[in-house]
Amino acid sequence: ANIFLANDGRIMLNEAQVPEDSLRVLLPRLLDRSVARRVVISNEPLVLYDDVIRVMDMAKQVGANDVAWLRTKTAP
């Protein structure tokens, strides 16, 4: 699963915009269909580290075996 955090607060899950509370529901469903149960998080440059860490923690709580962070990326 790929999660992108934009400077303006948008959260994209596999290129579809989702509210943060929906991420907690949708992500486990995606992970259930994945053998690796991997989550890759990327973000734009102005996103606070606290926001990235919060999403990383949530991903682990809902069942991600592996969480990777690509420090910055441009908006899709």
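## Exercises on a predicted fold

In this predicted model, the buried residues of helix α2 are V52, V55, M56, M58 and A59. Let's use them as a way in.

### Exercise 1. Work out how the buried residues of α2 are arranged around its axis, and what covers them.

**Solution.**

Step 1. Look down the axis of α2: the buried residues fall within an arc of 165°, so they line one face of the helix.

Step 2. Now turn to the other side. The face of α2 pointing away from the buried side carries D50 and Q61, which are exposed. Here exposed stands for over 50% relative accessible area, and buried for under 20%.

Step 3. Find the cover. The elements over the buried residues of α2 include β1, α1, β4 and β5.

Step 4. Place the helix as a whole. Residues 49-61 make up α2, which lies across β1, β4 and β5 and runs at about 160° to β5.

Step 5. Check its length and its end. With 13 residues, α2 reaches 18 Å from its first C-alpha to its last, close to the 18 Å expected at 1.5 Å a residue. After the helix comes G63, with a positive phi near 120°.

### Exercise 2. Put the strands of the sheet in order and identify its edges.

**Solution.**

Step 1. Read across the open sheet: its five strands come in the order β3-β2-β1-β4-β5, with mixed pairing.

Step 2. Pick out the strands that pair on one side only: these edge strands are β3 (16-17) and β5 (66-70).

Step 3. Move inward to β1 (residues 2-5) and β4 (residues 38-43), which pair in the parallel sense over four bridges. Two places to look are N2, whose bridge partner in β4 is V40, and F4, which stands opposite S42 in β4.

Step 4. Carry on from β4 to β5. These strands run parallel and are joined by five bridges; V40 has A68 as its bridge partner in β5.

Step 5. Ask how enclosed β4 is. Five of its six residues are buried, so β4 is largely enclosed by the rest of the structure.

### Exercise 3. Describe the packing of α1 and find where the helix kinks.

**Solution.**

Step 1. Start with the contacts: α1 (residues 20-32) packs on the sheet and touches β1, β2 (11-13) and β4. The direction of α1 makes about 15° with that of β2.

Step 2. List the buried residues of α1, namely L23, L27, P28 and L31. They pack against β1, β2, β4 and α2.

Step 3. Follow the helix to L26, where there is a kink of about 30°, shortly before the proline P28.

Step 4. Compare the span with expectation: α1 has 13 residues and reaches 19 Å from first C-alpha to last, close to the 18 Å expected at 1.5 Å a residue.

### Exercise 4. Locate V35 and decide whether V35 is buried or exposed.

**Solution.**

Step 1. Leave α1 and head for β4: V35 is in the loop between them.

Step 2. Apply the cut-off of over 50% for exposed residues. V35 has a relative accessible area of 86%, so V35 is exposed.

Step 3. Finish with a distance. V35 and N65 are 30 residues apart along the chain, and their C-alpha atoms are separated by 9.7 Å.

Terms used: Residues are numbered from 1 along each chain as its sequence is written. This is a predicted model: local features need pLDDT of at least 70, side-chain atom pairs count only at pLDDT 80 or more; totals for chains, interfaces and linings use all residues. Side-chain values use heavy atoms; hydrogens and water are left out. Two strands pair if DSSP finds at least two bridges between them. Contact means heavy atoms within 4.5 Å. Axes are lines fitted to C-alpha atoms, for helices over the stretch in contact, and angles run from 0 to 180 degrees between N-to-C directions. The expected span of a helix is 1.5 Å times one less than its number of residues. Buried means under 20% relative accessible area, exposed over 50%, partly exposed in between (1.4 Å probe, protein chains only). The arc is that of the directions from the helix axis to the C-beta atoms. The bend at a residue is the angle between axes fitted to the seven residues ending there and the seven starting there.
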